[in-house]
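Please load the model in your viewer, display it as a cartoon, and keep a selection panel at hand. The stops below follow one another, and each says what to select and what is there.

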Amino acid sequence: MSPRAGNAGPHTLAFVESPVQLLNVLEWAHAHAPGVGLTLVVLSPVDPMTRGQLRRMSDLARDEGHEVRWEEARGGPLAPFQTIGGLAGLLRRARRIVLGDPFSRYVQLLLTIARARDLVVVDDGTATMEFVGQLARGERLVRWHRKGGRPGPRDVLFAPVSSAARRRLTPGGGRRVEIFSSMPMSQTPPGVTVSAHTFAWTRARFGPPRITKGADMVGTSLVETGVVDDGRYLEAVRALAAAHGATRYFAHRRESTEKLHRLAVETGLEIVRPELPLELIARRGPIGRTVVSFPSTVVHTLPLALSGTGVRVAVCDIDPAWLTDTASPRAQGFLTGVTDSARDAHRLPPAGRDRPGPAEAGGGAGTVTARQGPVGLAAS
């Protein structure tokens, strides 16, 4: 074990399924368990982009003295049974469990085995806001972009497990529940402890960044999740890039290659696929003096990670006309809430169609795919 961490003491077990969740577990450990090593279980997804970021984040976790256990949790029809069976002993022994996605069926199933009395939920982006609200209202746990639709057969079959997980995530009977979050909370469930996530570890470990004169854009997976029409999204990106002089587009890890290729060709933007969560990439730099985003997690997290650097984060509202016919009835209200509650971001109106295109704004042909170069693991 690295000298950065000591003996784990009362054993802490963490479950993550995304790079951002892993980052936020490191932030929680830095803030609330300094010098304590934990066992971090990566329930690996299948898409290469997420797996690559998770492996880089796992290296950072090991540097901090934590044990990382990589599970091919989706590596075939028998993988879930093998994963859960292999983790059963750890789950029963753990005194404290830290998790990043309470909506995950995998995590909900693991919670039914766990005996820990201390449960910690770290940020999983804007989903944390919805989780807290649903827990406070006693509702079933449903991701915001699916809310309003009819439960499918799998939802019905899994309902008892989901209900049991919600009960485990509700304080009482000796259970203590903490939410470690940088997100604004309009409702707080009774008995739940909320602690502030300020990106203190990120600021101490990385940067400060070099600031460029131009602007950067941050991508979103709202098209991939079926919320926003792809043609309207491209129009909005083109208008924003022209209006702000943006030259780079930091892709979300879930954005499709086809969509990114089209964005590069039609907007002139250089497409960057980050190898680490954007908060770390931005903190290392270089980063534009203005960062333009649609409503997403980064409008809350980047101002914290870049505190004191002078970088301005601007958020563009989602026009209701951009939503698909199949978007959840909850979508517009939720996205508006994300923008409204962004304390340190500058608000922009929805991007119009009548703005000049990239050629008129001086843009050239786009780079189809660009990958952020190797990022050092020590602070510069």
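Two strands are taken to pair if DSSP finds at least two bridges between them, and helices (H or I, at least four residues) and strands (E, at least two) are DSSP runs numbered from the N terminus. The model is predicted, so that local features need pLDDT of at least 70 and side-chain atom pairs count only at pLDDT 80 or more, while totals for chains, interfaces and linings use all residues. Residues are numbered from 1 along each chain as its sequence is written, and side-chain values use heavy atoms, with hydrogens and water left out.

Begin with the whole chain, which holds twelve helices and 14 strands. Of its 380 residues, 55% count as buried, where buried means under 20% relative accessible area, exposed over 50% and partly exposed in between, with a 1.4 Å probe and protein chains only.

**The seven-stranded sheet**

Select residues 12-16, which are strand S1, together with residues 96-99, which are strand S4: the two run parallel and are joined by four bridges. Within this pair, Thr-12 has Arg-96 of S4 as its bridge partner.

Now add helix H1 (residues 19-32), which packs on the sheet and touches S1, S2 (39-43), S4, S5 (118-122), S6 (176-181) and S7; contact means heavy atoms within 4.5 Å. The direction of H1 makes about 110 degrees with that of S6, axes being lines fitted to C-alpha atoms, for helices over the stretch in contact, and angles running from 0 to 180 degrees between N-to-C directions. Helix H3 (residues 79-93) also packs on the sheet, touching S1, S2, S3 and S4, and its direction makes about 155 degrees with that of S3.

Widen the selection to the open sheet, in which seven strands with parallel pairing follow the order S3-S2-S1-S4-S5-S6-S7. S3 (67-71) and S7 (193-196) stand at the edges with a single partner strand each, so one side of each has no neighbour in the sheet. From one strand to the next, the twist averages 20 degrees.

Stay in the sheet and pick S5, which is joined to S4 by four bridges, the two running parallel; here Val-98 has Val-120 as its bridge partner in S5. Four of the five residues of S5 are buried, so this strand is largely enclosed by the rest of the structure.

**Two packed helices**

Next select helix H8 (residues 230-244) and helix H9 (residues 257-267), which pack at an angle of about 40 degrees with their axes 10 Å apart. That angle makes H8 oblique to H9, since angles under 35 degrees count as roughly parallel, over 145 as roughly antiparallel, 65 to 115 as roughly perpendicular and the rest as oblique. To see the contact as sticks, show Asp-230, Tyr-233, Leu-234, Val-237 and Arg-238 of H8 with Lys-259, Arg-262, Leu-263, Glu-266 and Thr-267 of H9.

**Gly-219**

Move to Gly-219, in the loop between strand S8 (211-218) and H8. Its relative accessibility is 7%, so Gly-219 counts as buried. Leaving aside neighbours within four places in sequence, Gly-219 is in contact with Tyr-233, Tyr-249, Phe-250, His-252 and Glu-255. A distance label between the C-alpha atoms of Gly-219 and Val-272, which lie 53 residues apart along the chain, should read 9.8 Å.

**A last strand pair**

Finish with strand S11 (residues 287-293) and strand S12, which pair in the parallel sense over four bridges; Ser-293 has Val-315 of S12 as its bridge partner. S12 (residues 312-316) is mostly covered, with four of its five residues buried.
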